[in-house]
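User: I'd like a close look at one part of this protein, the salt bridges and what surrounds them. Could you walk me through it in one go?

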Amino acid sequence: MIEWVLFDNDGTLVDSEILCNQAIVELFAGQAVTLDAHTLTRHYRGGKMSEILATLAREHQISLPPAFMDDYRQRVAQLFEQHLQPVSGIPELLDALQVNMAVVSNGPLAKIRQALLLCGLAHHFDNRLYSAFELNQHKPDPALYLTAMADLNICAHQCVAIEDSPSGVASATGAGITTLFYNQYNETLNNDKVIPFTSMQQVPDILARLNAQSR
């Protein structure tokens, strides 16, 4: 029986990936580099930000200033305040789910909290927020999910994860968790622990099927 749903945050609960990548576009423009936010979102979602920035800097043969990451975080916070919305269908899904819920994210804790508060979702999770920055365990490493499960005192068969990126899926399935993949780009992941879906409205039926199979 599924007792917990463990949610990724960016791109799964909140529609933040395009805003995060817009911040990258703006800051790289200041380094005379032209990027596209939609292309970045597709290729780098779910990744570790320091590695993404290092990769982009290397590809475009530039050196980023020491304050670049701080400037990036500040711009993301501003864009969130101005534009952030929940992923379509998420408020209704969270209201309908009759299970325990937690957030397992690669993002910093302050960013997770800001996003959930701005989107009116924070009350569903209380302090059950697991940040890769706090734990120094970033997806796709399964350690982040394993740490969350240990802290919540649950086993993999008691929960599912919901992720929107191959990196997040690899982290959750690596921890043995059946993972619902919010598949917006029609990607193929060859993993028998992955259930793709395209609308949050599908999630209750998927959970009901999984519960029926476990009886």
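User: Are lysine 139 and aspartate 8 buried or exposed? Please start there, and then take me on to the other pairs, the cavity and the threonines.

Analyst: Happy to. Please keep in mind that this is a predicted model.

Lysine 139 is buried, and aspartate 8 is buried too. The two form a salt bridge, and their closest N and O atoms are 3.0 Å apart. Aspartate 8 sits in the loop between strand S1 (4-7) and H1, while lysine 139 belongs to the loop between helix H7 (132-135) and helix H8 (143-152), so this pair links parts of the chain that are 131 residues apart in sequence.

Now for the wider set: the structure contains six salt bridges. Another of them pairs glutamate 26 with arginine 75, with 2.6 Å between the closest N and O atoms. Here the partners come from two helices, glutamate 26 from helix H1 and arginine 75 from helix H4, so the bridge ties together parts that are 49 residues apart in sequence. Glutamate 26 has a relative accessibility of 30%, and therefore counts as partly exposed; the buried class ends at 20% and the exposed class begins over 50%.

A further salt bridge runs between aspartate 126 and arginine 128, whose closest N and O atoms are 3.4 Å apart. Arginine 128 counts as partly exposed because its relative accessibility is 22%. Shared partners also matter to the picture: through them, salt bridges join Asp8, Lys139 and Glu163 into one network.

Next, the cavity. Searching the whole structure for cavities of 30 Å³ or more turns up one, and the space in the largest cavity is about 250 Å³. Its lining is made up of 23 residues, and those nearest the centre are Asp10, Gly46, Gly47, Asn106 and Lys111. Sorted by class, the lining of this cavity has nine charged, seven polar and seven nonpolar residues. Helix H1 (17-29), helix H3 (49-59) and helix H4 (68-83) each contribute at least two residues to that lining, with H1 giving the largest share, three residues. H1 and H4 are also the helices that hold glutamate 26 and arginine 75.

Glu163, from the network with Asp8 and Lys139, leads on to the threonines, since it is among the residues that threonine 179 touches. Threonine 179 is part of strand S5 (residues 178-182). Its relative accessibility is 0%, so threonine 179 counts as buried. A polar atom of the threonine 179 side chain lies 3.0 Å from the backbone oxygen of isoleucine 177. Leaving aside residues up to four places away in sequence, threonine 179 is also in contact with Ala161, Val169, Ala172, Thr173, Lys193, Val194 and Ile195, among others.

One of those contacts, threonine 173, is worth following. Threonine 173 is located in helix H9 (residues 166-174), and with a relative accessible area of 13% this residue is buried. Its side chain makes a polar contact of 3.4 Å with the side chain of asparagine 191. With residues up to four places away in sequence left out, threonine 173 touches Asn191, Lys193 and Val194 as well as Thr179. Lys193 and Val194 therefore appear in the contacts of threonine 179 and also in those of threonine 173, two threonines that are buried at 0% and 13%.

Notes:
Residues are numbered from 1 along each chain as its sequence is written. This is a predicted model: local features need pLDDT of at least 70, side-chain atom pairs count only at pLDDT 80 or more; totals for chains, interfaces and linings use all residues. Side-chain values use heavy atoms; hydrogens and water are left out. On a 1 Å grid over the protein atoms alone, a cavity is a set of points where a 1.4 Å probe fits but cannot get out, and a pocket is an open set with protein on both sides within 12 Å along at least five of seven lines; lining residues have an atom within 4 Å of a point. Grid points are joined across faces, edges and corners, and a volume is the space filled by probe spheres set on the points. Helices (H or I, at least four residues) and strands (E, at least two) are DSSP runs, numbered from the N terminus. Ala, Val, Leu, Ile, Met, Phe, Trp, Tyr, Cys and Pro count as nonpolar, Asp, Glu, Lys and Arg as charged, and the others, Gly among them, as polar. Buried means under 20% relative accessible area, exposed over 50%, partly exposed in between (1.4 Å probe, protein chains only). A polar contact is a pair of N or O atoms within 3.5 Å; within protein, one must be able to donate a hydrogen and the other to accept it, and residues adjacent in sequence count only if both atoms are side-chain atoms. Contact means heavy atoms within 4.5 Å. A salt bridge is a side-chain nitrogen of Lys or Arg within 4 Å of a carboxyl oxygen of Asp or Glu.
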